[in-house]
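Subject: A structure for you to look through

Hi,

Here is the structure I said I'd pass on. Have a look at it in your viewer first, then read my notes underneath.

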Amino acid sequence: MISFKKIVLTALCAASAIATRAQMPGTLSLLGDNHVFYRLQVKQRFLLLPVEERQENARLCIIKNNEIVKEFNCKLAVDKTDYTVPLDLNDYQGSDILIDITFPGNRRTTGSMKDFVVWKELKTSDSFDATNREKYRPVYHHTPQWGWMNDPNGLFYKDGVWHLYFQYNPYGSQWENMTWGHSTSKDLVHWVHQGNAISPDALGTIFSGSAIVDKNNTSGLGKGTVVAMYTSAGKSQTQSLAYSTDDGKTFTKYANNPVITAEVPDFRDPHMFWNEDIHAWNLILAAGQEMNIYSSKDLKNWTFESAFGLGYGNHDGVWECPDLMKLPVNGTGKEKWLLICNINPGGPFGGSATQYFVGSFDGHKFTCESKPDVTKWMDYGKDHYATVTFDNAPDNRRVAIAWMSNWQYANQVPTMQYRSANSVPRDLGLFTDAGETYVSVVPSKELLALRGDKTNRLSAACELVVDIKSQSKPTVITLSNARDEQVVMTYNPKDCTFSMDRTQSGNTGFSDMFKAKTIAPTHGTIRQLRIFIDKCSIEAFDAAGKMAMTNLVFPTEPYGRLTVNGAAKTTLYELK
Ligand code: FRU
């Protein structure tokens, strides 16, 4: 029954609304100071928001019963719609909501709000069409269905399922509204989207972090509980916990968040792991130009142990997204500790990259075994960042996944429906060359399952295996198309280098920093190269693990032509 009071209220609202449009599902009230109210009676699942990427963000607050129930930023369309994103109204079915929207800037310069395209194109719907519309969407790399993605977060394996959370903007394909999106896979290569796992709250948006499986119930939250720690990015960066008793599907935030605080402004990306050597949890997180290490018995109370990094390696950018793990050193029967330190900018070819340190760790202090001025890079491409590994992977494996982009141009790459993919999964190890220990990076064995038939033709999604038959001359591999767009890869056994030149690779004009030739040391000879091509990316590996290079490319049509100069045997597999 509709009450009299409600009828009066609705009538009053309609009367004060400056602009209403027949096709608009709700009622618009234009207010002063770039401000509007949009009232909607929720009957359908989604409100489809038109986005125009060149605009600045508007602030949207969803108000129900006079209380804010949700807030986020969205580049609402002013002149034209680039794409739409769905605002899920499931929690408000049957209710009236008021959306309080503040546009940026000054109305005198942005034009009259009543003419903004958003009002003409706002729609409610019971479905949102996420069918792929992007020619560059990879075939076998993980991407979000829509919206923006950066770092992989909270990677863990449990009961046959790989879980991949990621830095996600559900309301646009550029960085904003950091939320943990969630995808799962049974085979590490085919992913199923699971929706949003952890959303912003009063402590801030949800920045990067990790997740572990608490097998022995050290936290008291239950045996097998998945515990995540992330950075609450509010006025300050602090560390918060959330836990899941349904295998990572839904998370409950810990009531006494945050659990770790500090006076450092760049204080983020906590990575927890169980350290069998000390029978306790350790955690490493980025604190300015250092990595802080903590320990805990119960995942809730953390003790600061030490900091590592001042004066070591590269410091030309912000230290972010650490990881710390023990790995066997190939062929020695020994183990050493690997400390991963993503850095942005400061990468070997500009912008973001993954550096690392090798040494020892006693549960309290990490000691780097190299001289302070030694810098080591895990991948010598431009598009390999925020690399972290899965907790609890089977067979003591250390499987890493990176974000396949670079902060220099990640927000501008030529896709719209979604932005950014993850790298293929890679197994990490250690090897020694000339007295130094380096990380080895091998494509995870699960990628073999993607191989279809051998083929003679280069296609948009394939693996190219090159067996090098002579170490006396360079091997030059060129991928090209009819428009003379090309990528040239050169293995030079003389100076022990591998390079990839994408300066003529196709669409490079979206950023001055995209054109590049990247070059890697090969630490001796390469006998086999494995090159993974997928629509807009090329990942080249020494099959023995001593060189990895990940680069994006945006050919205006797929590279269909392959030429190999040098003594080499090539095999092509279509990948599905
Ligand atoms: C790295 C990073 C992290 C941070 C996240 C925010 O790419 O800057 O340090 O937690 O992205 O999205």
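**Around the ligand**

Four strands each supply at least two residues of the shell around the ligand: β9 (147–158), β13 (205–214), β17 (267–275) and β21 (318–329). Before you go further, keep in mind that this is a predicted model. In total, 13 residues surround the ligand, and the closest are Asp 151, Gln 167, Arg 268, Asp 269 and Trp 407. Sorted by class, that shell has six nonpolar, three polar and four charged residues.

Some polar side-chain atoms come up to oxygen atoms of the ligand. For Arg 268 the distance is 2.6 Å, for Glu 320 it is 2.9 Å, and for Asn 150 it is 3.1 Å. How much of the ligand does the protein bury? Taken alone, the ligand exposes 310 Å², and the protein buries 95% of that.

**Salt bridges**

A search of the whole structure turns up 25 salt bridges. Start with Arg 268, since you've just met it beside the ligand. Its side chain meets that of Asp 266 in a salt bridge, 2.8 Å from N to O. Is Arg 268 buried or exposed? It counts as buried, because its relative accessibility is 9% and the cut-off for buried is under 20%. Asp 266, on the other hand, is partly exposed at 30%.

Next, find Glu 446 and Arg 397, whose closest N and O atoms are 2.8 Å apart in another salt bridge. Glu 446 sits in the loop between β30 (436–443) and β31 (451–455), and Arg 397 in the loop between β26 (385–389) and β27 (399–403), so this pair ties together parts that are 49 residues apart in sequence. Both Glu 446 and Arg 397 are buried. Back at the ligand, salt bridges that share partners join Asp 266, Arg 268, Asp 269 and Glu 320 into one network.

One more pair to click on: the side chains of Glu 369 and Lys 336 form a salt bridge of 3.0 Å, N to O. This pair links distant parts of the chain, with Glu 369 in the loop between β24 (366–368) and β25 (376–377) and Lys 336 in strand β22 (residues 334–344), 33 residues apart. Glu 369 is partly exposed, with a relative accessible area of 38%.

**Strands and sheets**

Now for an open sheet of five strands, in the order β12-β11-β10-β9-β28, with mixed pairing. Why is one side of β12 (192–198) and of β28 (418–419) left without a neighbour in the sheet? These two stand at the edges and each has a single partner strand, so there is no neighbour on the other side. As for how strands hold on to each other in general, strands of a sheet pair through backbone hydrogen bonds, either parallel or antiparallel. Here, β11 (residues 179–185) and β12 run antiparallel and are joined by five bridges. In that pairing, Gly 181 has Asn 196 in β12 as its bridge partner.

Strand β9 also holds Asn 153, which counts as buried at 0% relative accessibility. The side chain of Asn 153 makes a polar contact of 2.9 Å with that of Ser 208.

For a hairpin, go to β1 (residues 27–30) and β2 (residues 35–41), which run antiparallel and are joined by four bridges. Leu 30 has Val 36 in β2 as its bridge partner. Four residues lie between the two strands, and Asp 33 in the turn has a positive phi of about 50°.

**Backbone oddities**

Which peptide bonds are cis? One runs from Asn 257 to Pro 258, with omega near 0°, and Pro 258 is in the loop between β16 (252–253) and β17. Another joins Asn 344 and Pro 345, with omega about -10°; Pro 345 lies in the loop between β22 and β23 (353–361).

Have a look at phi for two residues as well. Asp 484 has a positive value near 65° without being a glycine; this residue is in the loop between β33 (475–480) and β34 (486–492) and is exposed, with a relative accessible area of 61%. Cys 496, also not a glycine, has a positive phi of about 55°. Cys 496 is in the loop between β34 and β35 (497–501) and is partly exposed at 26%.

Cheers

Terms used: Residues are numbered from 1 along each chain as its sequence is written. This is a predicted model: local features need pLDDT of at least 70, side-chain atom pairs count only at pLDDT 80 or more; totals for chains, interfaces and linings use all residues. Side-chain values use heavy atoms; hydrogens and water are left out. A residue is near a molecule or strand if one of its heavy atoms lies within 4 Å of it. A polar contact is a pair of N or O atoms within 3.5 Å; within protein, one must be able to donate a hydrogen and the other to accept it, and residues adjacent in sequence count only if both atoms are side-chain atoms. Accessible areas come from the Shrake-Rupley method with a 1.4 Å probe; for residues, only the protein chains shown count as cover. Ala, Val, Leu, Ile, Met, Phe, Trp, Tyr, Cys and Pro count as nonpolar, Asp, Glu, Lys and Arg as charged, and the others, Gly among them, as polar. A salt bridge is a side-chain nitrogen of Lys or Arg within 4 Å of a carboxyl oxygen of Asp or Glu. Buried means under 20% relative accessible area, exposed over 50%, partly exposed in between (1.4 Å probe, protein chains only). Two strands pair if DSSP finds at least two bridges between them.
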